[in-house]
Amino acid sequence: MEQKAEKIQRPIVQALDEILGTPLKVLDDGFVRVIDYMGSDESVVQAARVSYGKGTKKVNEDRGLIRYLLRHAHTTPFEMCEIKLHVRVPMDCWRQWIRHRMANINEYSTRYSLAIDASQKTAPAEWRLQSKDNKQGSEGFADATLGSALTQREQELQDLARAVYNERVERGIAREQARKDLPLSTYTEAYWKVDLHNLLHFLSLRMDDHAQFEIRSYANVIGHEIVRRWCPIVWEAFIDYRLRGSAITRLEIDIIRAIQTGNAEKAREVAVKYGLLPPPGQEIKRNREREDLEAKLALLNIPIPWK
Ligand SMILES: Cc1cc2nc3c(=O)[nH]c(=O)nc-3n(C[C@H](O)[C@H](O)[C@H](O)COP(=O)(O)OP(=O)(O)OC[C@H]3O[C@@H](n4cnc5c(N)ncnc54)[C@H](O)[C@@H]3O)c2cc1C
């Protein structure tokens, strides 16, 4: 049967068009800017309705459908939207960024061109101290005297590395080798294209408190400034279910039920049964699963029976 041609309008998102090409500043000299996009909230709905074989529905039903899809991890409709960003990022941060494999990337070549003459600088008040509890994290800041000294040393190091690099290039050394001692603070640039499903995955990991401050800064700009404009209904659902929502595990359900009986002893017994607490009398050591539960109890204003 011959298919009739149907007039189709490309989705245009006015709010995103307004910032197309505008660099949104991140860190001291980085940015993110939108180069192009495909799709909108509507495209997610459209894709879902093709698979469900339903006709056009009203906006409030669209919102309900998007929220349902995200809540129940029906992810493919979100892959119908794509966005292409131009990013300028320090190399150490970029190294974390490109672990996200489900994106298309073209990075500035320091074999082909001179390395970008900019390095991320740390202000005296920005030196973070090593966390005592979390080996991967930081807590608090160095005092002003130490901060100033570290910032000065950073400047000396970056200046020396750049001078050595320039000297090698001037003496005819290939750019691919001359670059080898440039610090990880050196900025790189890339085009990063990703679909909305994988972008939300990136944001859920990189906007999280566990992510390093630098990449979190980029993720916050991409989320709050870009995705919020591009797909506001998806963004709202993402905040509700992924970013600010929380899943409760089978163990947690059993422990919370025991807490709700009002019998703290019973709740502790269940926690011991599941290995979240040691048997009575033994020292309580660090346990990540218990800490996750404690965070959820705090969120729900439920007193922690073993504290
Ligand atoms: C706080 C934090 C700390 C980290 N610490 C470390 C560390 O110490 N060392 C380290 O090496 N990394 C570390 N990482 C990186 C982390 O392990 C992941 O590599 C990174 O977050 C990318 O996540 P992903 O693989 O889920 O996402 P993506 O690569 O974006 O992939 C998205 C999803 O696609 C699917 N997928 C992609 N590729 C495949 C595949 N080949 N096979 C099957 N499914 C696939 C998976 O479902 C995946 O979740 C850390 C990340 C975070 C957020």
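**Group meeting: a walk through the model**

Let's start with one residue: T186 counts as buried, because 22 C-beta neighbours lie inside 10 Å, and 20 or more is what it takes to be called buried. Keep in mind as we go that this is a predicted model. So where is T186? You'll find T186 in the loop between α6, residues 175–178, and β7. Leaving out residues up to four places away in sequence, T186 touches P90, M91, A115, I116 and S119. Take M91 from that group: T186 and M91 are 95 residues apart in sequence, yet 5.9 Å apart in space, C-alpha to C-alpha.

Okay, on to the sheet. In what order do the strands of the open sheet come? There are 5 of them, and the order is β1-β2-β3-β7-β4, with antiparallel pairing. Since β1 (24–26) and β4 (103–107) stand at the edges with a single partner strand each, one side of each has no neighbour in the sheet. From one strand to the next, the twist averages 25 degrees. If you're new to this, strands in a sheet pair through backbone hydrogen bonds, and they can do that parallel or antiparallel.

Let's zoom in on that β4 edge. β4 is joined by 5 bridges to β7, residues 187–195, and the two run antiparallel. If you want a spot to click on, N106 stands opposite Y191 in β7. Then there's helix α7, residues 196–206, which packs on the sheet and touches β3 (82–90), β4 and β7. The direction of α7 makes about 125 degrees with that of β7.

Which residues of α7 are buried? They are L196, H197, L199, L200, F202, L203 and R206. As for what covers them, the list includes β3, β7, α8 and α9, which is 232–243. A handy thing to remember here: an α-helix has 3.6 residues a turn, so residues three or four places apart point the same way.

That takes us to the core. In soluble globular proteins, nonpolar side chains tend to be buried together. Here, the largest nonpolar core has 44 residues, and the ones touching the most other members are V44, I66, L199, A219, C231 and V234. Which helix gives the most to this core? That's α8, residues 213–230, with 7 residues. Pick A219 from the core: skipping neighbours within four places in sequence, A219 is in contact with F202, L203, R206, M207 and A211. There's also a second, separate core of 8 residues, and A258, A267, L276 and L277 are among them.

Now the ligand. Around the ligand sit R99, H100, R101, M102, N198, H201, F202, L205, H210 and A211. By class, that shell splits into 4 nonpolar, 4 polar and 2 charged residues.

Last topic: backbone angles. Most residues other than glycine have a negative phi. L27 has a positive phi, near 55 degrees, and isn't glycine. A73, also not a glycine, has a positive phi near 55 degrees too. L27 is in the loop between β1 and β2 (30–38), while A73 is in the loop between α3 (59–71) and β3. Buried or exposed, then, for L27 and A73? L27 is buried, because 20 other C-beta atoms lie within 10 Å. A73 has 10 within that distance, so A73 is exposed.

That's my tour; go and find these residues in the structure above.

Terms used
Residues numbered from 1 in each chain as written. Predicted model: local features only at pLDDT ≥ 70, side-chain atom pairs only at ≥ 80, totals over all residues. Core = buried A, V, L, I, M, F, W, Y, C linked by C-beta atoms within 7 Å. Buried ≥ 20, exposed ≤ 12 C-beta atoms within 10 Å, placed from the backbone. Helix = DSSP H or I, 4+ residues; strand = E, 2+ residues; numbered from the N terminus. Contact = placed C-beta atoms within 7 Å. Pairing = 2+ DSSP bridges. Axes fitted to C-alpha atoms, helices over the stretch in contact; angles between N-to-C directions. Near = placed C-beta within 6 Å. Nonpolar A, V, L, I, M, F, W, Y, C, P; charged D, E, K, R; others polar.
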